[in-house]
Amino acid sequence: MTTTDPAPPESRVSPVPPPPRWAVRAAHVAAWSTVPSGVWRVALVLGVPVGVMEREEFLAAFPHNSPLIGLAYVLVIGAVAEAASYLTLGLVRPWGEMVPRWIPLLGGRPVDHRIAVVAASLGAFAVTFLWWVLFLGGLLNSPSPDPGFSGGEALFAAAYAPLLLWGPLLAAVTWSYHRRHKACR
């Protein structure tokens with residue numbers, strides 16, 4: 001008489017369904033939402049007139065009004081924001097299910113979807129709160145003597161307004177990721 005071992009738990013779990021098209025699109029918009037503000041900041045440091053602030057006014061916040069320190073600061077802030085927003089794509093891509101093999105120590109291991117959902121939820125809350133408070137608070141409390149909206153202010157608003165989408169889109173994509181993983185349990 002022969003006995004067969006039951007299938008290991010990993011093989012009994014059904015595969016995660018693919019993400020819905022809306023979630024994939026939302027993840028891409030979230031990932032691109034940080035680019036315009038990064039370009040605006042780089043233009044400011046390089047001396048391109050952006051209308052709201054002059055380069056010298058911005059650089060006054062750095063030791064010796066250093067353009068190199070200012071540029072490094074802007075590039076680091078932009079890189080961190082872009083990398084963080086790019087992680088949204090992991091919620092709709094295979095590397096959000098399995099850590100890519102090229103990553104040391106973790107490569108090839110499955111992603112714990114619970115940790116991904118908690119981290120993405122906290123990130124969605126943080127960037128939503130941060131950008132909505134900063135953006136709308138800045139608009140509502142600006143000491144502008146005239147009720148008009150200058151060209152520089154319009155450029156600034158156009159560059160930073162996409163950041164308002166980042167948090168809510170990340171929350172929606174996180175919800176989709178959670179639902180897909182909940183369905184396969």
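From the N terminus on, the elements of this chain run α-α-α-α-α-α-α-α, giving eight helices and zero strands (DSSP runs, H or I of at least four residues for helices and E of at least two for strands). The model is predicted, with local features needing pLDDT of at least 70 and side-chain atom pairs pLDDT 80 or more, while totals for chains, interfaces and linings use all residues. Residues are numbered from 1 along each chain, and side-chain values use heavy atoms, without hydrogens or water.

Of the 185 residues, 31% are buried (under 20% relative accessible area, with exposed meaning over 50%; 1.4 Å probe, protein chains only). Among contacts (heavy atoms within 4.5 Å) with a separation of 6 or more, 71% join residues 24 or more positions apart.

Let's look at α2, residues 21-32. Its 12 residues reach 17 Å from first C-alpha to last, close to the expected 16 Å (1.5 Å times one less than the number of residues). Which residues of α2 are buried? They are Ala23, Ala26, Ala27, Ala30 and Ala31. Seen down the helix axis, these fall within an arc of 135° (directions from the axis to the C-beta atoms), so they line one face. An α-helix has 3.6 residues a turn, so residues three or four places apart point the same way. The cover over the buried residues of α2 includes α5 (67-86) and α8 (163-183). Arg21, Arg25 and Trp32 are exposed on the face turned away from the buried side.

Now turn to α6, residues 113-140, where Phe125 sits. Phe125 counts as exposed because its relative accessibility is 61%.
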